[in-house]
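Here is a short colleague's note to read alongside the model. The points go from the whole chain to its cavities, then to the strands and a few single residues.

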Amino acid sequence: MKNKLNISTVVLALFGLIAVQTTVAQVPNTSPAKEALKGMRPFIGNWTGESDAFGGFEGLEEGGKILWAARFRWLQNKTAVEFTSQTKYKNTDKRFNSASQIMSLDAATGKLRTIGHGHDGSVYWSNTGTMEIEGKSITLTINEITINKTKSNYTVKFTKETPKILSLQLTDAFVDGKKQKNWKIKLHRITKPTGPTQSAVSAGEAEKITEVLTKLSIPWGKASLTKDTDHLKRIWADDFS
């Protein structure tokens, strides 16, 4: 059985939704945070690779091969970036480590910073650090502590070597004051969907579609002020109820 709603109730609900959408659409296209992070654009996307398992940090052990799945993605209208990585042993699928870093502009200092958390094996850790973007490289200088109070400090550098190859290098690593080995791996950009849940369009195409839909929603939102019922009749389906 088809239930018809009171038209005034529907209109009020829709206008409330569009008013929110219009407000979001009117967020400035530029901001200090967005400007500071514009150098992140070439890194956005999904990356995968394989490397030797590395030790030295609490919870990690050398030996065997590990598989990497990493991603950079925009947050908050491109005013922050999230980096996530998951690694597992190639032969057993057991988790090696996992990490999540949020990169943003610190309003107090005007400099880029990062804050993160994750697990090395079963050992939980969290960290804070500074960040620099220079050319095709991102450098993170990290201070980290585990749930067991083990302290580490190290530098991670991401470098776009080619459009489809990203290197990740660990240097100057110390765990409770003890120097650790440096290492470097290469990750490859994932350019094709790997499952039915992934989008069939590129990030650029999705951004254009979003822009078009946002522009279409603005006159819909204004209709509540101008009382332009003719516009609503044009965009609503004949069987709208």
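1. Let us begin with burial. The chain has 241 residues, and 35% of them count as buried. Please keep in mind while reading that this is a predicted model.

2. Next, the overall make-up. Four helices and eleven strands form the secondary structure of the chain. Taking contacts between residues at least 6 apart in sequence, 41% join residues at least 24 apart. The chain has an accessible surface of about 15300 Å², and carbon and sulfur atoms account for 56% of that surface.

3. Now look inside. How many cavities of 30 Å³ or more does the structure hold? There are two. The largest cavity contains about 320 Å³ of space, while the second largest cavity has a volume of about 40 Å³.

4. The largest cavity deserves a closer look. Its lining is made of 22 residues, and those nearest its centre are Asn97, Ala99, Trp125, Tyr154 and Val156. By class, the lining of the largest cavity has 15 nonpolar residues, five polar ones and two charged ones. Which strands each supply at least two residues of this lining? They are strand 3 (80–89), strand 4 (95–105), strand 6 (123–134), strand 7 (137–146), strand 8 (151–162) and strand 9 (165–175).

5. The second largest cavity has another set of walls. Phe57, Glu58, Asp120, Glu144, Thr146, Thr150 and Ser152 make up its lining. Here the classes come to one nonpolar, three polar and three charged residues.

6. Strands 7 and 8 are a good place to follow the pairing. They run antiparallel and are joined by nine bridges. As one example, Asn143 has Asn153 in strand 8 as its bridge partner. Four residues lie between the two strands of this hairpin, and among them Lys149 takes a positive phi near 75°.

7. The loop between strand 7 and strand 8 holds two residues to pick out. One of them is Lys149, whose positive phi is found in a residue other than glycine. Most residues other than glycine have a negative phi. Is Lys149 buried or exposed? Lys149 has a relative accessible area of 59%, so it counts as exposed. The other is Asn148, which has its place in that loop too. Setting aside neighbours within four places in sequence, Asn148 is in contact with Glu58 and Val123. Asn148 and Val123 are 25 residues apart along the chain, and 8.1 Å separates their C-alpha atoms. Glu58 also appears in the lining of the second largest cavity.

8. Moving along, strand 8 pairs with strand 9. Nine bridges join these two antiparallel strands, and the hairpin they form has two residues between them. Ser152, which helps to line the second largest cavity, stands opposite Val175 in strand 9. Elsewhere in this pairing, the bridge partner of Thr159 is Ser167.

9. Strand 9 has further partners. With strand 11 (residues 183–189) it runs antiparallel and shares six bridges, and Leu170 stands opposite Trp183 there. With strand 10 (residues 178–179), strand 9 pairs in the antiparallel sense over two bridges. Phe174 has Lys179 in strand 10 as its bridge partner. Strand 9 and strand 10 form a hairpin with two residues between them, and Asp176 in the turn has a positive phi of about 50°.

10. Strand 9 also holds a residue with an uncommon backbone angle. Asp172 lies in this strand, and its phi is near 50°, a positive value in a residue other than glycine. How exposed is Asp172? Its relative accessibility is 45%, so Asp172 counts as partly exposed.

11. Finally, a loop residue away from the hairpins above. Where is Lys111 found? Lys111 sits in the loop between strand 4 and strand 5 (112–120). Lys111 has a relative accessible area of 59%, so it is exposed. Not counting residues up to four places away in sequence, Lys111 touches Ser104, Leu105 and Asp106. Lys111 and Ala36 are 75 residues apart in sequence, with their C-alpha atoms 8.4 Å apart in space.

Conventions
Residues numbered from 1 in each chain as written. Predicted model: local features only at pLDDT ≥ 70, side-chain atom pairs only at ≥ 80, totals over all residues. Heavy atoms only, no water. Buried < 20%, exposed > 50% of the residue type's maximum accessible area, 1.4 Å probe, protein only. Contact = heavy atoms within 4.5 Å. Areas by Shrake-Rupley, 256 points an atom, 1.4 Å probe, with all protein chains shown as cover. 1 Å grid on protein atoms, 1.4 Å probe; cavity = no way out; pocket = protein on both sides within 12 Å on 5 of 7 lines; lining within 4 Å. Points joined across faces, edges and corners; volume = space filled by probe spheres on them. Nonpolar A, V, L, I, M, F, W, Y, C, P; charged D, E, K, R; others polar. Pairing = 2+ DSSP bridges.
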